Amino acid sequence: AKQLRENTITSLDLSSKGLGIDGALILAALIKDNTSVQQLNVSNNSLDQASKGALTKAKPAQLLKLQLD
């Protein structure tokens, strides 16, 4: 989380990490104002449509690849 807040990470792979719905919503809040992440993988985390929607909506412009499934 620290690297996300400080904009020092460009790729984040959280696939199959047990992120869950609450974790996805927290992540959406963290990436919303991030200016460095270009790739984010949250596949295989049992996310529901609402959490996927929150991540998609929070997606900053420089995030070129968002993998949800």
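Is Asp-69 buried or exposed? In this predicted model, Asp-69 is exposed, its relative accessible area being 65%. The residue takes part in a salt bridge with Lys-52, in which the closest N and O atoms are 2.5 Å apart. A search of the whole structure returns 1 salt bridge. Side chains of opposite charge can pair when their charged atoms come close.

The two partners occupy separate parts of the chain. Lys-52 belongs to helix H3, which spans residues 49-58, whereas Asp-69 is found in the segment after strand E3 (65-67); the pair therefore ties together parts that are 17 residues apart in sequence. The surroundings of Lys-52 were also examined. Lys-52 has a relative accessibility of 15%, and because the cut-off for a buried residue is under 20%, Lys-52 counts as buried. The salt bridge thus joins Lys-52, a buried residue, to Asp-69, an exposed one.

Strand E3, which precedes the segment holding Asp-69, also forms part of a sheet. This sheet is open and consists of 3 strands in the order E1-E2-E3, with parallel pairing. Its edges are formed by strand E1 (11-13) and strand E3, each of which pairs on one side only. From one strand to the next, the twist averages 5°.

The pairing of strand E3 can be described in further detail. Strand E2, comprising residues 39-41, pairs with strand E3 in the parallel sense over 3 bridges. Within this part of the sheet, Gln-39 stands opposite Lys-65 of strand E3.

Technical notes: Residues numbered from 1 in each chain as written. Predicted model: local features only at pLDDT ≥ 70, side-chain atom pairs only at ≥ 80, totals over all residues. Heavy atoms only, no water. Salt bridge = Lys/Arg side-chain N within 4 Å of Asp/Glu carboxyl O. Helix = DSSP H or I, 4+ residues; strand = E, 2+ residues; numbered from the N terminus. Buried < 20%, exposed > 50% of the residue type's maximum accessible area, 1.4 Å probe, protein only. Pairing = 2+ DSSP bridges. Axes fitted to C-alpha atoms, helices over the stretch in contact; angles between N-to-C directions.
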